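Biologist: Please take a close look at one part of this model, the open sheet and what packs on it. I would like a connected description rather than a list.

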Amino acid sequence: MECSCSSLLSSNSMETIYSTQFSSFKPLFDLKSIPKLTSFKGISAKASYDTCVRKKGLSSIDEQKLGAADLVYHVNGKINPSYLTRDLRILDGFDDEYGGVIVDSERLPANPNVFASMLRFSVSHWKAKEKKGIWLKLPVEKSDLVPVAVKQGFEYHHAEKGYVMLTYWLPEGPSMLPANASHQVGVGGFVVNDKNEVLVVQEKHCAPSFVGLWKIPTGFIDESEEIYAGAVREVKEETGIDTEFLEVVAFRHVHNVAFEKSDLFFICMLKPLSTRIIVDVHEIQAAKWMPLIEFVEQPFIQQDSMFKKVIDICIARLGGCYCGLSVHQLASRFDGKISTLYYNCIDN
């Protein structure tokens, strides 16, 4: 039987031939004749084995009768079962900048048994390489791999609509991996026209205590969305009014709001660019321009110290007695990105 091989191990009774697609592989045991594998950032390091076992004195027919339990190879003089070679592969992945590994979620094996073997071998290999954290993203179509990873010590980190993220901290001691996001971010748009009227809405779905309350348009920031852009978008979606962001006039911080997460809520002063209201029928029961004094005198606002303070701040801003935080785009050498910095700038 002939094989094309990149490295060869011999013993008195057999020969095992390996071929690899990489140049840097190191199993847990010491195979000095086999090159080492490390994962490279931006490169999928893939290992595959074509193992040919040849016992002296056996015909090709005899070889075909050999089962996995019959196949063995020698490592430093010790006999090892060769069924290990079948799934003796490192999961494709990338080095992160903190000494950890990000497993390539697009190149995961579909078979849970194969995945289990590869994951076990990969974790051992990365431990030997003194890697730190492992990030394992499992898409929803491969959700049957989740219990396999959990059984091997991986922990839930967070989940989104299309995937679940699991982690494994390799060094001894407490995990230094960053925790899941701890906050949700909301915005409210305080919009006042030239008639001193406030743009207000009544929500279709709200707590019983809020039924009948006229409030400013509010909502959550989308992923990768700026605070100022989110405020403009929410006002447009709920009322159809186009606006221009002016300032962040205040923000609230509260804890254990939804799913035990904290909440940051930014009140933004916006300038109206249109007047015709078009209500979002899915979220909003009604919307209108309401005289400012009438809005302020609502019992709920008068009886709630925080809401009343927010309105007082907005009114002070309208009267020029208060300066909020405006938007400034600045580049930082720290991360090489353009960031949005909010600070007040008094116009002389």
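Modeller: What follows describes the sheet, then the helix against it, then a pocket that shares one of its strands. The model is predicted. The open sheet consists of five strands in the order 6-7-8-10-9, with mixed pairing. Strand 6 (93-95) and strand 9 (155-160) are the edge strands, each paired on one side only. On average, neighbouring strands of the sheet are turned by 20° against each other, direction ignored.

Within the sheet, strand 8 (residues 133-139) and strand 10 (residues 163-169) run antiparallel and are joined by seven bridges. Trp135 has Thr167 in strand 10 as its bridge partner. Helix 2 (residues 112-128) packs on this sheet, where it touches strand 7 (101-103), strand 8 and strand 10. The direction of helix 2 makes about 160° with that of strand 8.

His125 belongs to helix 2. Its relative accessible area is 2%, which is under the 20% cut-off, so His125 counts as buried. In sequence His125 and Ile90 are 35 residues apart, while their C-alpha atoms are 7.8 Å apart in space.

Edge strand 9 also takes part in a pocket. The second largest pocket has a volume of about 600 Å³. It is lined by 18 residues, and the closest to its centre are Glu160, Ala181, His183, Gln184 and Ile221. Strand 9 and strand 11 are the elements that give two or more residues to this lining. By class, the lining of the second largest pocket holds eight nonpolar, five polar and five charged residues.

Definitions and conventions:
Residues are numbered from 1 along each chain as its sequence is written. This is a predicted model: local features need pLDDT of at least 70, side-chain atom pairs count only at pLDDT 80 or more; totals for chains, interfaces and linings use all residues. Side-chain values use heavy atoms; hydrogens and water are left out. Two strands pair if DSSP finds at least two bridges between them. Helices (H or I, at least four residues) and strands (E, at least two) are DSSP runs, numbered from the N terminus. Axes are lines fitted to C-alpha atoms, for helices over the stretch in contact, and angles run from 0 to 180 degrees between N-to-C directions. Contact means heavy atoms within 4.5 Å. Buried means under 20% relative accessible area, exposed over 50%, partly exposed in between (1.4 Å probe, protein chains only). On a 1 Å grid over the protein atoms alone, a cavity is a set of points where a 1.4 Å probe fits but cannot get out, and a pocket is an open set with protein on both sides within 12 Å along at least five of seven lines; lining residues have an atom within 4 Å of a point. Grid points are joined across faces, edges and corners, and a volume is the space filled by probe spheres set on the points. Ala, Val, Leu, Ile, Met, Phe, Trp, Tyr, Cys and Pro count as nonpolar, Asp, Glu, Lys and Arg as charged, and the others, Gly among them, as polar.
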